[in-house]
Amino acid sequence: MNIGQKILLLLKEEIPEIEYNRYIKHLVYDTKKSTSDTALFYAPNSLVLNWIKNKYSAKIKHLFEVHDSSNVTVKILLKNQIESKKTEQKKEQKHQHSLLNPSHTFENFMVGGSNQFAYAAVKSVSEKPGILYNPLFIHGGVGLGKTHLMQAAGNVFQNQGKIVIYTTVEQFLNDFIRHVRNKTMERFQEKYRKCDVLLIDDIQFLSNKEGIQEEFFHTFEALKGVGKQIILTADKHPKKIAGLEKRLQSRFEHGLVADIQPPELETKIAIIENKCKINKVVLTKDIISYIATVIESNVREIEGILSKLHAYSQLMHVDIDLQFTKSVLKDQLQENRANLTLDIITQNVAKDLNIKPSEIRSKGRSKNLVYARRIAIYLCRDLTQNTMPQLAQYFGMKDHTAISHTLKKINELIQNDEDFKVKIQELTNKITSSS
Ligand code: ADP
Ligand code: MG
């Protein structure tokens with residue numbers, strides 16, 4: 001028996017038998033490709049794959065630690081995706097920036113009160129690039145359609161034969177580093193300045209990265225100077241992005257800043273109906289409005305639910321009725337949280353507030369550290385099963401009363417400060433959708 005099989009049998013002891021038979025049993029360990037750093041398993045289909053990834057990969061990793069004294073990354077791939085994954089990687093290397101998703105179109109974007117301003121702004125820019133609003137800056141929470149809208153404009157331009165560059169700040173940064181290393185900065189500059197339209201996603205990640213802000217500033221000026229359209233997105237207003245050079249901030253505000261709010265119930269319903277149509281899933285009105293009510297705002301989560309409903313009903317040969325929907329939704333919501341650890345939550349809070357995770361757990365008393373620590377404690381309590389003494393230990397506090405005091409403070413803030421409440425909701429969204 002190989003170590004992979006052994007670990008899966010050990011896992012069997014710890015989990016419900018039905019789960020083992022339904023999912024874990026079908027995993028195959030790759031003895032050849034697994035290394036001391038990576039344990040590679042194959043799953044027969046994406047349902048099994050996602051289930052195990054979400055629910056059990058952390059456990060599997062832990063079992064390797066305990067029984068094999070190895071610290072591995074657990075990788076699960078689809079059996080028949082091994083080859084296509086390789087070609088995908090090659091493709092990726094060829095294009096240093098991502099391609100546009102062809103289904104991100106204006107037609108597929110459902111408009112409602114929450115997003116009509118942003119929609120109208122992007123639509124008009126797509127009709128008159130470089131003239132009306134340059135740059136166009138769209139901001140809003142996770143999964144509210146920023147990337148979709150920006151790419152919808154990109155698709156229009158691309159169909160007109162224009163050179164469109166779509167990239168995230170992270171890819172832009174990697175590209176920059178690579179060219180610096182290879183001493184090919186002229187090529188980098190030429191590439192970004194030659195395009196007709198530049199779309200840059202998730203601008204908030206420029207925060208506190210001076211070198212790349214400098215380069216970005218020059219790219220921006222060069223393009224804007226010759227009337228090339230620039231569209232940017234971020235999770236917050238340029239003013240609220242900490243660690244962003246003043247000159248960039250003012251450039252970003254110079255065109256038009258449009259925000260997207262969480263969708264209203266009707267918009268959510270329209271989005272679900274549209275997704276059902278595209279994916280050929282049939283749901284009754286009851287079910288659609290149930291999903292729309294339960295999922296608060298993150299549209300990406302709606303998509304996850306639909307594909308899960310569809311996959312389950314096919315796999316288990318059952319119709320999608322309200323009761324079935326309820327059970328799948330419950331699973332999904334729990335699952336989103338099951339893998340969250342104190343570390344993950346702390347890292348997310350730290351990233352969002354631009355401080356180091358270690359600072360959150362330190363004894364530092366500066367105002368912003370205390371603020372970040374309180375938020376982290378609140379979210380850890382809300383999103384994990386850890387007890388107050390456990391939290392006190394993790395955050396280096398005296399005892400559980402310190403934790404309960406913090407929770408009380410945060411609850412008060414949530415009740416009295418609408419902005420803060422939204423901030424907590426958004427962070428929760430971010431954390432639960434990143435796991
Ligand atoms: P963001 O970039 O704001 O995090 P995305 O643009 O990636 O969000 O949207 C998440 C998913 O939700 C995408 O698949 C997108 O197509 C879908 N989506 C978001 N808003 C809408 C909408 N109004 N109509 C249709 N689909 C939407
Ligand atoms: Mg996005």
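**Figure 1. Surroundings of E65 in helix α4 of the predicted model.** In this predicted model, E65 belongs to helix α4, which spans residues 57-68. E65 is classed as partly exposed because its relative accessible area is 36%, a value that falls between the 20% limit for buried and the 50% limit for exposed residues. When neighbours within four places in sequence are left aside, E65 contacts S70 and N71.

**Figure 2. Residues around ligand 1.** Ligand 1 is surrounded by 18 residues, of which M110, G143, K146, T147 and H148 come nearest. A nitrogen atom of ligand 1 lies 2.8 Å from a backbone N or O atom of M110. Two further pairs involve oxygen on the ligand side: a polar backbone atom of G143 is 2.7 Å from an oxygen atom of ligand 1, and a polar side-chain atom of K146 is 2.8 Å from an oxygen atom of ligand 1. K146 appears again in Figures 3 and 4, where it is among the residues touched by H139 and by A234.

**Figure 3. H139 in strand β4, with the cis peptide bond at P135.** H139 is found in strand β4, residues 136-140. With a relative accessible area of 14%, H139 is buried, because the limit for this class is 20%. A polar atom of the H139 side chain lies 3.4 Å from the backbone nitrogen of H237. Not counting residues up to four places away in sequence, H139 touches K146, A234, D235, K236, H237, V257, A258, D259 and I260. P135 is located in the loop between α6 (116-127) and β4. The peptide bond between N134 and P135 is cis, with omega at about 0°. Most peptide bonds are trans.

**Figure 4. The buried residue A234 in strand β7.** A234 lies in strand β7, which covers residues 229-234. The relative accessible area of A234 is 0%, and the residue is therefore classed as buried. Apart from residues up to four places away in sequence, A234 touches F137, I138, H139 and G140 as well as K146, D202, I203, Q204 and I241. The contact with H139 links this view to Figure 3. By comparison with these contacts, the C-alpha atom of L391, a residue 157 positions away along the chain, is separated from that of A234 by 32 Å.

**Figure 5. T167 in strand β5.** T167 is a residue of strand β5, residues 164-168. Its relative accessibility is 0%, so T167 counts as buried. The side chains of T167 and Q171 are joined by a polar contact of 3.5 Å. D202 is 35 residues from T167 along the chain, and the C-alpha atoms of the two are 9.1 Å apart. D202 is also among the residues touched by A234 in Figure 4.

**Figure 6. Positive phi values at K183 and N208.** Most residues other than glycine have a negative phi. K183, which is not a glycine, has a positive phi near 55°. K183 is placed in the loop between α8 (169-181) and α9 (185-194). K183 counts as exposed because its relative accessibility is 71%. N208 likewise has a positive phi, of about 60°, without being a glycine. N208 is found in the loop between β6 (197-201) and α10. At 40% relative accessibility, N208 counts as partly exposed.

**Figure 7. E215 in helix α10.** E215 is found in helix α10. E215 is classed as buried because its relative accessibility is 8%, under the 20% limit. Leaving aside neighbours within four places in sequence, E215 is in contact with F176, M185, F188, Q189 and R193.

**Figure 8. Crossing of helices α10 and α11.** The axes of α10 (residues 210-225) and α11 (residues 246-254) come within 10 Å of each other and cross at roughly 35°. The crossing is left-handed. On the α10 side, the contact is made by Q213, E214, F216, F217, F220, E221 and K224, which meet R247, L248, R251, F252 and H254 of α11. By residue type, the contact comprises five nonpolar, two polar and five charged residues.

Key
Residues are numbered from 1 along each chain as its sequence is written. Chains are lettered from A and ligands numbered from 1 in the order in which they are written. This is a predicted model: local features need pLDDT of at least 70, side-chain atom pairs count only at pLDDT 80 or more; totals for chains, interfaces and linings use all residues. Side-chain values use heavy atoms; hydrogens and water are left out. Axes are lines fitted to C-alpha atoms, for helices over the stretch in contact, and angles run from 0 to 180 degrees between N-to-C directions. Helices (H or I, at least four residues) and strands (E, at least two) are DSSP runs, numbered from the N terminus. A crossing is left-handed if the near helix is turned anticlockwise from the far one by less than a right angle, and right-handed if clockwise. Contact means heavy atoms within 4.5 Å. Ala, Val, Leu, Ile, Met, Phe, Trp, Tyr, Cys and Pro count as nonpolar, Asp, Glu, Lys and Arg as charged, and the others, Gly among them, as polar. Buried means under 20% relative accessible area, exposed over 50%, partly exposed in between (1.4 Å probe, protein chains only). A residue is near a molecule or strand if one of its heavy atoms lies within 4 Å of it. A polar contact is a pair of N or O atoms within 3.5 Å; within protein, one must be able to donate a hydrogen and the other to accept it, and residues adjacent in sequence count only if both atoms are side-chain atoms.
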